[in-house]
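Visitor: I would like a close look at a single part of this protein, with the cut-offs behind each term spelled out. Please take the sheet as the subject and work outwards from there.

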Amino acid sequence: MPPRMPSKSQLQSQMRAARRKAESQWKAEVRKVEQKAQREVDAYNRKAKAQFERNVKTWERDTNRKLRAQRPQVTYTITERRYLTDVQEEAAQQAVKRPDLRDVFLCHAWDDRAGDAKTLHDFLESFGVDVWFSEKDVSLGVSLVREIDRGLKISRMGVVLVTPEMLQSLSAQGIADKELSALLATDRVIPVVHRTSFDALRDESPLLASRSGLSTEGTTLEDVAAKIANAVRPE
């Protein structure tokens with residue numbers, strides 16, 4: 001007896017099943033190709049990123065060496081060497097913990113922003129130090145206090161430029177006084193006394209004056225900047 005021919009509906013069902021199987025196999029092959037391509041893309045991106053990071057580190061290292069070579073030769077007192085050794089150790093620890101942070105936050109009086117503070121900032125940057133400086137990092141139309149708070153948070157160390165104008169600002173309890181209070185709480189502060197004395201600072205901020213620091217008496221802001229750079233950016 002000859003085999004019975006499948007009905008039209010059976011043939012249609014078989015065709016649909018065959019089509020689904022073919023589509024499933026096709027999709028599986030497409031997924032394999034896509035997954036392989038994605039793995040290759042990911043591998044290329046990882047390799048390219050690693051090479052980019054190596055290039056950046058090499059550039060930073062070479063640039064810092066050039067900037068380091070441009071720093072003036074400075075001499076230290078015994079007190080400065082002892083104090084800056086502690087600063088260097090703290091900066092190195094912070095750099096390992098938070099490599100994304102700025103090197104220093106520059107705290108200064110408002111009246112010094114275009115004078116001594118700008119000069120110190122420029123020297124520090126020329127020596128390879130990444131400085132948060134309100135004149136550069138605060139945009140027009142934003143809250144100065146909020147940006148300063150952010151600047152404090154993203155900086156490893158604080159440099160306080162103590163001038164007669166700063167002492168007046170501290171006496172008036174202005175923004176500089178708030179900056180100083182936040183910096184003193186971190187215990188990572190480098191006082192720089194310029195055109196005044198530690199005795200005068202002690203009258204306004206005994207806590208800050210009690211810390212060893214740097215002074216431009218008998219030297220220059222450039223030399224002081226070099227000492228700070230040698231501490232926070234030794235390479």
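In what order do the five strands of the open sheet stand, and is the pairing parallel or antiparallel?

Guide: The order is β2-β1-β3-β4-β5, and the five strands form an open sheet with parallel pairing. This is a predicted model, in which local features need pLDDT of at least 70 and side-chain atom pairs count only at pLDDT 80 or more, whereas totals for chains, interfaces and linings use all residues. Residues are numbered from 1 along each chain as its sequence is written, and side-chain values use heavy atoms, with hydrogens and water left out. Strands (E, at least two residues) and helices (H or I, at least four) are DSSP runs numbered from the N terminus, and two strands pair if DSSP finds at least two bridges between them. Strands of a sheet pair through backbone hydrogen bonds, either parallel or antiparallel.

At the edges stand β2 and β5, each of which pairs on one side only. Strand β3, residues 155-162, has eight of its eight residues buried (under 20% relative accessible area with a 1.4 Å probe and protein chains only; exposed is over 50%, partly exposed in between), so β3 is largely enclosed by the rest of the structure. Five bridges join β3 to β1 in the parallel sense, and here F105 stands opposite G158. Five bridges also join β3 to β4, again parallel, with V193 of β4 as the bridge partner of V162. V193 in turn stands opposite S215 in β5, where β4 (residues 189-193) and β5 pair in the parallel sense over two bridges.

F105 also takes part in one of the two aromatic pairs found in a search of the whole structure; rings of Phe, Tyr and Trp (its six-membered ring) pair if their centres lie within 6.5 Å, and planes under 30 degrees apart count as stacked, over 60 as edge-to-face and the rest as tilted. F105 and W132 are stacked, at 4.9 Å centre to centre and 10° between the planes. This pair links distant parts of the chain, since F105 lies in β1 (residues 102-107) and W132 in β2 (residues 131-132), 27 residues apart. Both F105 and W132 are buried. The pair of F123 and F127 is stacked as well, with 6.4 Å between centres and 15° between planes; F127 is buried at a relative accessible area of 3%, while F123, at 24%, is partly exposed.

At the β5 edge, S215 leads to the second largest pocket, being among the residues closest to its centre, together with T77, E80, E217 and K227, out of 15 lining residues. A pocket is an open set of points on a 1 Å grid over the protein atoms alone, where a 1.4 Å probe fits, with protein on both sides within 12 Å along at least five of seven lines, and lining residues have an atom within 4 Å of a point. The space in this pocket is about 240 Å³, a volume being the space filled by probe spheres set on the points. Two or more lining residues come from each of α2 (78-97), β5 (214-215) and α10 (221-232). The charged end of K227 sits over the ring of Y76, 5.5 Å from its centre, the criterion being NZ of Lys or CZ of Arg within 6 Å of the ring centre and within 35 degrees of the ring normal.
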